[in-house]
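Visitor: Please walk me through this structure.
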Amino acid sequence: MSALAFNFEEITARPLKPALLELDGISRGTIEAHYKLYEGYVAKRNEILSRLADVDPTTANGTYSEFRELKVELTFAVGGIKNHELYFDHLGGDGGEPSGAIGALVDRDFGSAGAWRDDLRATGLAARGWAWTAYDWDEGRLFNYIGDAQNTFPVWNATPLVALDVYEHAFWLDYRTDRAAYIDAFLDNLDWAVVNEWVSGYGIKP
Ligand SMILES: [Fe+2]
């Protein structure tokens with residue numbers, strides 16, 4: 001047994017909501033291919049943890065470079081899981097203006113829904129992988145944060161409430177290079193009721 005052995009549970013992919021196969025402007029083919037990538041992150045996470053349980057860098061059978069590679073890959077796989085669970089969970093709605101508690105937070109912290117949307121869209125166009133609207137618990141307000149990959153750049157003590165995937169796999173089949181059109185389609189399919197459940201579940205107060 002390795003000196004660094006630890007216990008872990010395998011996890012399984014969450015099922016895909018049927019409503020996601022009937023979105024306006026994001027095709028069934030895109031969602032099905034995208035969901036397969038998510039399943040891949042889940043499988044990768046399980047595989048990496050299993051390999052980490054066997055790699056002991058302090059013995060002749062393991063190296064620190066191998067250990068490091070697995071540790072870094074784990075952040076990518078786990079990021080891919082968390083980002084995509086947010087993404088799939090809050091699609092399937094009718095979009096429109098943010099309503100309820102999230103609407104009040106957006107108005108308070110960005111001035112208007114339009115200003116929030118413009119900043120999120122610009123963040124998504126500037127990003128290589130992700131743009132998130134997150135509630136920063138230290139500042140007590142929302143920000144639109146940027147991510148280039150599944151594991152960059154998380155901000156500690158901030159909770160993502162909107163997760164916009166701008167990797168090409170999210171839109172290439174439907175929009176080719178027109179990422180802005182895809183971002184509009186994403187916004188048109190957001191389910192604000194789901195986001196408001198998160199806001200209320202986390203106890204975020206407008
Ligand atoms: Fe993705």
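The turns below cover helix packing, a pocket and a loop.

Visitor: What kind of model is this, and from where are residues numbered?
Guide: This is a predicted model: local features need pLDDT of at least 70, side-chain atom pairs count only at pLDDT 80 or more, and totals for chains, interfaces and linings use all residues. Side-chain values use heavy atoms, without hydrogens and water, and each chain is numbered along its sequence as written, from 1.

Visitor: At what angle do helix H3 and H4 pack, and what is that arrangement called?
Guide: Helices (H or I, at least four residues) and strands (E, at least two) are DSSP runs, numbered from the N terminus. Axes are lines fitted to C-alpha atoms, for helices over the stretch in contact, and angles run from 0 to 180 degrees between N-to-C directions. Helix H3 (residues 100-110) and H4 have axes 8 Å apart, at an angle of about 80 degrees. Angles under 35 degrees count as roughly parallel, over 145 as roughly antiparallel, 65 to 115 as roughly perpendicular and the rest as oblique, so H3 and H4 are roughly perpendicular.

Visitor: Which residues of H4 meet H3?
Guide: Contact means heavy atoms within 4.5 Å. H3 brings Val106, Asp107 and Phe110. On the H4 side are Ala113, Ala115, Trp116 and Asp119.

Visitor: How is H4 placed against H6?
Guide: Helix H4 (residues 113-126) and helix H6 (residues 179-188) have axes 10 Å apart. Their angle is about 135 degrees. H4 is therefore oblique to H6.

Visitor: How do the residues of the H4 and H6 contact divide by class?
Guide: H4 offers Trp116, Arg117, Leu120, Arg121, Gly124 and Leu125, and H6 offers Arg179, Ala180, Ile183, Asp184 and Leu187. Ala, Val, Leu, Ile, Met, Phe, Trp, Tyr, Cys and Pro count as nonpolar, Asp, Glu, Lys and Arg as charged, and the others, Gly among them, as polar. The division is 6 nonpolar, 1 polar and 4 charged.

Visitor: Which element gives the largest share of the lining of the largest pocket?
Guide: A pocket is an open set of points on a 1 Å grid over the protein atoms alone, where a 1.4 Å probe fits, with protein on both sides within 12 Å along at least five of seven lines; lining residues have an atom within 4 Å of a point. Of the 27 lining residues, the closest to the centre are Lys82, Asn83, Leu86, Pro154 and Pro160. By class, the lining has 15 nonpolar, 7 polar and 5 charged residues. The largest share, 9 residues, comes from H2.

Visitor: Which residues does the cis peptide bond join?
Guide: Look in the loop between strand E2 (141-147) and E3, the place of Phe153. Omega is about -15 degrees for this bond. The bond joins Thr152 and Phe153.

Visitor: What is phi of Asn157?
Guide: Asn157 lies in the loop between E2 and E3. Its phi is positive, in a residue other than glycine. The value is near 60 degrees.
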